[in-house]
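Hi,

Here is the structure I promised to pass on. My notes on what turned up in it follow below.

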Amino acid sequence: MRIRIVDAFTDRPFAGNPAGVVLLDAFPDDNWLQNVALEVNHAETAFAHRLPEGGEADWALRWFTPATEVAMCGHATLATAHVLHSTGAHEGPVRFATRSGVLIATPHEDGSVTLDFPTAPLSPVDIPDGVAEALGAEPRAAFDTGPKVGDLILELADEKTVHALRPDHKALAAYSARGIIATARAENPALGYDFVSRCFFPNVGIDEDPVTGSAHTALAPFWSERLGRTDLTGLQASPRSGRVRTELRGDRTLLSGRAVTVIDGELIA
């Protein structure tokens with residue numbers, strides 16, 4: 001079977017967030033799926049198979065980190081949609097049946113793809129004791145992102161502080177189900193982005209995720225309220241870096257970006 005490595009939320013190779021993509025006839029044993037994801041050793045590997053016509057979805061889709069299956073993943077969904085459209089396996093909008101419900105990915109003529117994801121519910125919480133020491137910066141505020149995302153948003157003083165973070169990943173694992181989203185307002189919106197973030201997910205085997213689509217279902221409502229706009233662009237300031245365009249539509253958030261296939265090979269195991 002074919003396996004592809006796709007860089008998502010970027011228009012150039014070796015940037016954005018890499019994901020494995022494997023198209024199947026059906027899902028095999030979960031242990032095999034997990035072992036493939038461990039072998040690929042990227043933040044997520046996506047596995048998809050076609051569904052019968054006439055249902056609510058076109059393809060079934062699952063996502064695995066090297067350590068576990070996850071309930072939602074934006075960049076691997078974008079990568080899968082990119083593979084389906086670039087290979088001709090599917091034309092037009094594709095409906096994915098996932099653990100987070102039916103997610104729709106719509107391709108555009110400019111090569112970008114828009115994902116329709118559920119908006120994360122935000123709840124203000126007290127800043128946990130010790131999280132500043134684990135993160136390496138003092139948060140201004142903290143927000144829970146609900147069970148589907150499973151992160152803790154920490155708003156920091158400024159963009160420079162986000163870029164400078166050198167967290168204790170092991171210590172951060174104690175503060176949320178999946179991880180920590182550190183974010184701040186962009187210092188210079190003329191550079192083409194409105195807010196900056198970094199995402200640390202030690203509980204699912206990812207110390208720092210390069211670009212996280214699912215996190216932007218929480219960052220979109222967070223920054224839309226503060227900036228007074230529903231259309232925003234986020235820069236995820238990991239070493240690989242990437243940009244996510246967001247559009248808040250009530251209980252749904254649209255995430256848009258590009259993707260590039262960098263490896264197309266054969267999986268023989």
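The largest cavity has a volume of about 70 Å³, and the structure holds one cavity of 30 Å³ or more. A cavity here is a set of points, on a 1 Å grid over the protein atoms alone, where a 1.4 Å probe fits but cannot get out, and lining residues have an atom within 4 Å of a point. Grid points are joined across faces, edges and corners, and the volume is the space filled by probe spheres set on the points. Of the 14 residues lining the largest cavity, E44, R178, F201, D209 and T212 are the closest to its centre. Two elements, α2 (74-87) and β14 (206-209), give two or more residues each to that lining. By class, the lining has six nonpolar, five polar and three charged residues, where Ala, Val, Leu, Ile, Met, Phe, Trp, Tyr, Cys and Pro count as nonpolar, Asp, Glu, Lys and Arg as charged, and the others, Gly among them, as polar.

Before going on, some bookkeeping. This is a predicted model, in which local features need pLDDT of at least 70 and side-chain atom pairs count only at pLDDT 80 or more, while totals for chains, interfaces and linings use all residues. Residues are numbered from 1 along each chain as its sequence is written, and side-chain values use heavy atoms, with hydrogens and water left out. Helices (H or I, at least four residues) and strands (E, at least two) are DSSP runs, numbered from the N terminus.

Back to α2: 11 of its 14 residues are buried (under 20% relative accessible area, 1.4 Å probe, protein chains only). Among them are G74, H75 and V83. Just after this helix, G88 takes a positive phi of about 80°. Helix α6 (residues 216-227) is mostly covered too, with nine of its 12 residues buried, including F222 and W223. G228, just after α6, has a positive phi of about 75°.

V83 turns up again beside R4, a residue of strand β1 (residues 2-8). R4 is buried, at a relative accessible area of 9%. Neighbours within four places in sequence aside, R4 is in contact (heavy atoms within 4.5 Å) with A19, G20, V21, V83, T87, T261, I263 and D264.

Finally, strand β6 (residues 94-98) alternates: V94, F96 and T98 point to one face and are buried, whereas R95 and A97 point to the other and are not. Five bridges join β6 to the antiparallel strand β7 (residues 101-107), with F96 opposite L103.

Best wishes

Conventions. Buried means under 20% relative accessible area, exposed over 50%, partly exposed in between (1.4 Å probe, protein chains only). On a 1 Å grid over the protein atoms alone, a cavity is a set of points where a 1.4 Å probe fits but cannot get out, and a pocket is an open set with protein on both sides within 12 Å along at least five of seven lines; lining residues have an atom within 4 Å of a point. Two strands pair if DSSP finds at least two bridges between them.
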